[in-house]
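Trainee: Could you pick one part of this model and take me through it closely? I would also like to hear how the elements around it fit together.

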Amino acid sequence: MSSERPINPRFDDDMWFNEVSPGPPRYQTRTEKPVRYFTVVDKQGGAVLGYVWAGDEDDAAAWEPRQAAGPRAQAEGSVWHARLGEAKGRGILPSQALAELLANPEGNKGRALPGSLTDAPNAGVVKALAKSD
């Protein structure tokens, strides 16, 4: 008996990838246009976990985790991303999605900080804020 493993002949087959659909509708995750954003804080200790921003001009919105908050901020992002995706699926503007998130501020481990809605010249400013903390 040989100790060599048989080679699967399918390894020589060509592979074809066919895109079935473009996927669910999503807001753009980058913009150089003005945005509004709010702060998300940890429900237990009040530490800043990240920021949710949106801008109608480029149909853009996203979660920006605060680097200093580590894995907890990354995990919290799934909730805010899902809520933004659901809003986009209903066809509402990013600013309307932001208003809905503020009206229902509870995330998983975090919540929107009341009174934290602020303007920024673009999403890069919010990203820089998340990295600088």
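**A loop and its surroundings**

Mentor: Let's begin in the loop between β2 and β3, where Asp-59 sits. Please keep in mind that the model is predicted. Asp-59 has a phi of about 50°, a positive value, although the residue is not a glycine. For context, most residues other than glycine have a negative phi. How exposed is Asp-59? Its relative accessibility is 24%, so Asp-59 counts as partly exposed, because that class runs from 20% up to 50%.

Glu-57 also belongs to the loop between β2 and β3. This residue counts as exposed because its relative accessibility is 57%, and the class starts over 50%. Setting aside neighbours within four places in sequence, Glu-57 touches Lys-33 and Pro-34. Val-20, by contrast, lies 29 Å from Glu-57, C-alpha to C-alpha, with their positions 37 residues apart in sequence.

Now step from the loop into the strands. A search of the whole structure turns up two aromatic pairs. One joins Tyr-37 and Tyr-51: their ring centres are 5.9 Å apart and their planes meet at 80°, so the pair is edge-to-face. Tyr-37 is in strand β1 (residues 35–42) and Tyr-51 is in strand β2 (residues 48–55), so this pair ties together parts 14 residues apart in sequence. Both Tyr-37 and Tyr-51 are buried.

The other pair, Phe-38 with Trp-80, is edge-to-face as well, at 5.8 Å centre to centre and 70° between the planes. Here strand β1, holding Phe-38, is linked to helix α1, holding Trp-80, across 42 residues. Phe-38 and Trp-80 are both buried.

Two further helices meet these strands. In α2 (residues 94–103), the buried residues are Pro-94, Ala-97, Leu-98 and Leu-101. Viewed down the axis of α2, they fall within an arc of 100°, so they line one face of the helix. The spacing makes sense, because an α-helix has 3.6 residues a turn and residues three or four places apart point the same way. What does the buried set of α2 pack against? Its partners are β1, β2, β3 and α1.

Helix α3 (residues 123–132) has Ala-123, Val-126 and Ala-130 as its buried residues. These cover an arc of only 60° around the axis, which puts them on the same side of α3. The cover over the buried residues of α3 includes β1, β2, β3 and β5 (118–120). On the face turned away from that buried side, α3 carries the exposed residues Lys-131 and Ser-132.

Last, let's look at the largest pocket, which holds about 150 Å³ of space. Its lining is made up of Pro-25, Arg-26, Tyr-27, Thr-29, Ala-61, Ala-62, His-81, Leu-84 and Gly-85. Two elements, β3 (60–65) and α1 (71–89), each give two or more residues to that lining. The largest share, three residues, comes from α1. By type, the lining has five nonpolar residues, three polar and one charged.

To return to where we began, the loop with Asp-59 runs between β2 and β3. Strand β2 contributes Tyr-51 to an aromatic pair, while β3 helps to line the largest pocket. Both strands are among those packed by the buried residues of α2, and both help to cover the buried residues of α3.

Methods: Residues are numbered from 1 along each chain as its sequence is written. This is a predicted model: local features need pLDDT of at least 70, side-chain atom pairs count only at pLDDT 80 or more; totals for chains, interfaces and linings use all residues. Side-chain values use heavy atoms; hydrogens and water are left out. On a 1 Å grid over the protein atoms alone, a cavity is a set of points where a 1.4 Å probe fits but cannot get out, and a pocket is an open set with protein on both sides within 12 Å along at least five of seven lines; lining residues have an atom within 4 Å of a point. Grid points are joined across faces, edges and corners, and a volume is the space filled by probe spheres set on the points. Helices (H or I, at least four residues) and strands (E, at least two) are DSSP runs, numbered from the N terminus. Ala, Val, Leu, Ile, Met, Phe, Trp, Tyr, Cys and Pro count as nonpolar, Asp, Glu, Lys and Arg as charged, and the others, Gly among them, as polar. Rings of Phe, Tyr and Trp (its six-membered ring) pair if their centres lie within 6.5 Å; planes under 30 degrees apart count as stacked, over 60 as edge-to-face and the rest as tilted. Buried means under 20% relative accessible area, exposed over 50%, partly exposed in between (1.4 Å probe, protein chains only). The arc is that of the directions from the helix axis to the C-beta atoms. Contact means heavy atoms within 4.5 Å.
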